Amino acid sequence: MIPYLAWLLDITMNNGTLPGDWKRDTVIPIHKGGDRSLVMNYRPVSLTLVVCKQMEHVIASYLRQVWDKNDWLYECQHGFRPGYSRESQVIAVCQDTADCLDNGDKIDAIIVEFSKAFDLAPHGRLLTKTPNSGVDSRVVVWIREFLLGRTQRVRLGGQMSEKLE
């Protein structure tokens, strides 16, 4: 499979376009627990083509390598990095707090909830900053093609919603 996936990635990189099917998602609600009548007890899961998911992983891995090499990520950035997690972030904050208390320092803290922050990130700003981070221009074009012109439909039971762009 890998040679075929590499061939597809090469084609999309060199053509600067993605197949339309790669830009169509079906979203299904997955029950997380609690009262099934409350929308907040469901997590939306986007079903995309396996091939496109694989390409996303390749691109994400490439971005991490480039940004690590160029010291573009802040050292305390825990999200979306191998070996880091929410748990490692909490441990770092607790350790910093304990160190301050041990030293007799004052602590001022502001806690901000950033859930779904990536979903709300302005794509235009991401596309403006990415070229300046040392990323190959073909990858920037691939990301732009991936982000723009996407459509999605929600499937609930046997019913499909209208397509949203």
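Hi everyone, let's start at one hairpin: β3 and β4 run antiparallel and are joined by two bridges. One of the pairs involves L156, whose bridge partner in β4 is Q159. Two residues sit between the strands of this hairpin, and there G157 takes a positive phi near 65 degrees. Before I go on, please keep in mind that this is a predicted model.

Let's widen the view to the sheet. In what order do the four strands lie? The order is β2-β1-β3-β4, in an open sheet with mixed pairing. At the edges stand β2, residues 42-47, and β4, residues 159-160; each has a single partner strand, so one side of each is left without a neighbour in the sheet.

Now for the pairings that involve β1. With β2, the strand β1 runs antiparallel, and six bridges join the two. If you'd like a residue to click on, take I28, which has V45 as its bridge partner in β2. With β3, the sense is parallel, and the pairing extends over four bridges. Here you can follow several residues along β3: D25 has Q152 as its bridge partner, T26 has R153, and V27 stands opposite V154. As a reminder for anyone newer to sheets, in a regular strand the side chains alternate between the two faces of the sheet.

Some of those residues come back in the next stop, the second largest pocket. Its volume is about 150 Å³. Which strands each supply at least two residues of its lining? They are β1, residues 24-31, and β3, residues 151-156. The lining includes D25 and T26, and also Q152 and R153, and you'll remember that D25 is bridged to Q152 and T26 to R153. The rest of the lining is D21, R24, L47, T48, L49, T151 and K163. By type, the lining residues divide into five charged, four polar and two nonpolar.

Next, a look at the segment after β4, which is where E162 is placed. Is E162 buried or exposed? E162 is exposed, with a relative accessible area of 68%. Leaving aside its neighbours within four places in sequence, E162 is in contact with Q152 and R153, and both of these belong to the pocket lining I just listed. As for T151, its C-alpha atom is separated from that of E162 by 10.0 Å, with the two residues 11 apart along the chain.

Let's leave the sheet and turn to the helices. In soluble globular proteins, nonpolar side chains tend to be buried together. In this model, the largest nonpolar core has 19 residues. The ones with the most contacts inside this core are I59, L63, V135, V139, W142 and I143. Helices α1 (2-15), α2 (50-69) and α6 (137-147) each supply at least two residues of the core. I59 is a nice one to display: outside its neighbours within four places in sequence, I59 is in contact with L9, M13, V139, W142 and I143.

One last residue, and it's a backbone curiosity. D71 is found in the loop between α2 and α3, the latter being residues 86-103. What is the sign of its phi? The phi of D71 is positive, at about 50 degrees, although D71 is not a glycine. D71 is also exposed, with a relative accessible area of 68%.

That's my tour; thanks for listening, and I'm happy to go back to any of these places on screen.

Methods
Residues numbered from 1 in each chain as written. Predicted model: local features only at pLDDT ≥ 70, side-chain atom pairs only at ≥ 80, totals over all residues. Heavy atoms only, no water. 1 Å grid on protein atoms, 1.4 Å probe; cavity = no way out; pocket = protein on both sides within 12 Å on 5 of 7 lines; lining within 4 Å. Points joined across faces, edges and corners; volume = space filled by probe spheres on them. Nonpolar A, V, L, I, M, F, W, Y, C, P; charged D, E, K, R; others polar. Pairing = 2+ DSSP bridges. Core = buried A, V, L, I, M, F, W, Y, C linked by side-chain atoms within 4.5 Å. Buried < 20%, exposed > 50% of the residue type's maximum accessible area, 1.4 Å probe, protein only. Contact = heavy atoms within 4.5 Å.
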